[in-house]
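Me: I have just opened this one and would like a walk through it. Could you take me around step by step?

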Amino acid sequence: MTITVETAGAVLDAAASSAHWRATNLGLTADVSHGGDIWTVTLPSVETGAGPVWAQITWRESWGGAEYIGVAASWAQTMAIVDAAMAATRVH
């Protein structure tokens, strides 16, 4: 599936302000709502020796089912998403 730059930006901005992140074996993930659909944004875990990784929109879920998206965030968007994920998962 292809999505517009505007939609990708809105979904990634929503993830950057999300306070609800969960840890999975794929990394931290957040589900955000945009345009009536639920979008999953993943912040992949970094294994020792792996190169840098970008946040990415991995799934879109709508009334017709779920589909893989695979759109990577820019570095600036990734840094904002990292900040949100770390703040949400920080132990107080």
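**A walk through the fold**

Me: Let's begin with a turn: how many residues does the hairpin use to join S4 to S5?
Reply: The hairpin that joins S4 to S5 does it through 2 residues. Please keep in mind throughout that this is a predicted model.

Me: How many bridges join those two strands, and which way do they run?
Reply: There are 6 bridges joining S4 to S5, and the two run antiparallel. Within that pairing, Trp59 stands opposite Tyr68 in S5.

Me: What does the whole sheet look like, then?
Reply: It is an open sheet made by 5 strands in the order S1-S2-S3-S4-S5, with antiparallel pairing. Strand S1 (22-24) and strand S5 (65-72) are at the edges with a single partner strand each, so one side of each has no neighbour in the sheet. From one strand to the next, the twist averages 30°.

Me: And how do the strands before S4 connect?
Reply: S1 is joined by 3 bridges to strand S2 (residues 27-34), and they run antiparallel; here Thr24 stands opposite Gly27 in S2. S2 then pairs with S3 over 8 bridges, again in the antiparallel sense, with Leu28 opposite Leu43 in S3. S3 in turn pairs with S4 over 5 bridges, also antiparallel, and there Thr40 stands opposite Trp59 in S4.

Me: Which residue takes a positive phi in the hairpin of S2 and S3?
Reply: That is Gly35, with a positive phi near 60°, in a hairpin that has 2 residues between the strands.

Me: Where do the helices sit?
Reply: Helix H1 (residues 5-16) lies across S2, strand S3 (37-44), strand S4 (56-62) and S5, and it runs at about 120° to S2. Helix H2 (residues 75-89) also packs on the sheet, where it touches S2 and S3, and its direction makes about 90° with that of S3.

Me: Is S3 enclosed or open to the outside?
Reply: S3 is largely enclosed by the rest of the structure, because 7 of its 8 residues are buried.

Me: OK, what about the nonpolar core?
Reply: The largest nonpolar core has 19 residues, and the ones touching the most other members are Trp21, Trp39, Val41, Ile57 and Ile81. At least two residues of this core come from each of H1, S2, S3 and H2, and H1 provides the largest share, 4 residues. As general background, nonpolar side chains tend to be buried together in soluble globular proteins.

Me: Pick one of those residues and tell me more, please.
Reply: Ile57 is a good one to follow, and it lies in strand S4. Its relative accessibility is 0%, so Ile57 counts as buried. Leaving aside residues up to four places away in sequence, Ile57 touches Ile3, Ala8, Val11, Leu12, Trp39, Thr40, Val41, Ile69, Gly70 and Val71. Gly70 is 13 residues from Ile57 along the chain, and the C-alpha atoms of the two are separated by 5.7 Å.

Me: And which residues does Ile81 touch?
Reply: With residues up to four places away in sequence again left out, Ile81 touches Leu12, Ala15, Ala16, Trp21, Val41 and Ala55.

Me: Changing topic: how many aromatic pairs are there in the whole structure?
Reply: A search of the whole structure finds 2 aromatic pairs. One of them is formed by Trp54 and Trp75, and it is tilted, with 5.0 Å centre to centre and 45° between the planes. Trp54 lies in the loop between S3 and S4 while Trp75 is in helix H2, so this pair ties together parts that are 21 residues apart in sequence.

Me: And the other pair?
Reply: Trp59 and Tyr68 have ring centres 5.6 Å apart and planes at 80°, so this pair is edge-to-face.

Me: Are those rings in buried residues or in exposed ones?
Reply: They fall in between: Trp54 is partly exposed at a relative accessible area of 37%, and Trp75 is partly exposed at 39%. Trp59 counts as partly exposed at 41% relative accessibility, and Tyr68 is partly exposed with a relative accessible area of 48%.

Me: Last thing, what is the mean pLDDT of the protein chain?
Reply: The mean pLDDT is 89, and 90% of the residues in the chain reach 70 or more. Confidence is lowest in S1, where the mean is 89, and highest in H1, at 96.

Terms used. Residues are numbered from 1 along each chain as its sequence is written. Side-chain values use heavy atoms; hydrogens and water are left out. Two strands pair if DSSP finds at least two bridges between them. Axes are lines fitted to C-alpha atoms, for helices over the stretch in contact, and angles run from 0 to 180 degrees between N-to-C directions. Contact means heavy atoms within 4.5 Å. A nonpolar core is a set of buried Ala, Val, Leu, Ile, Met, Phe, Trp, Tyr and Cys residues joined through side-chain atoms within 4.5 Å. Buried means under 20% relative accessible area, exposed over 50%, partly exposed in between (1.4 Å probe, protein chains only). Rings of Phe, Tyr and Trp (its six-membered ring) pair if their centres lie within 6.5 Å; planes under 30 degrees apart count as stacked, over 60 as edge-to-face and the rest as tilted. pLDDT is the predictor's confidence in each residue, from 0 to 100.
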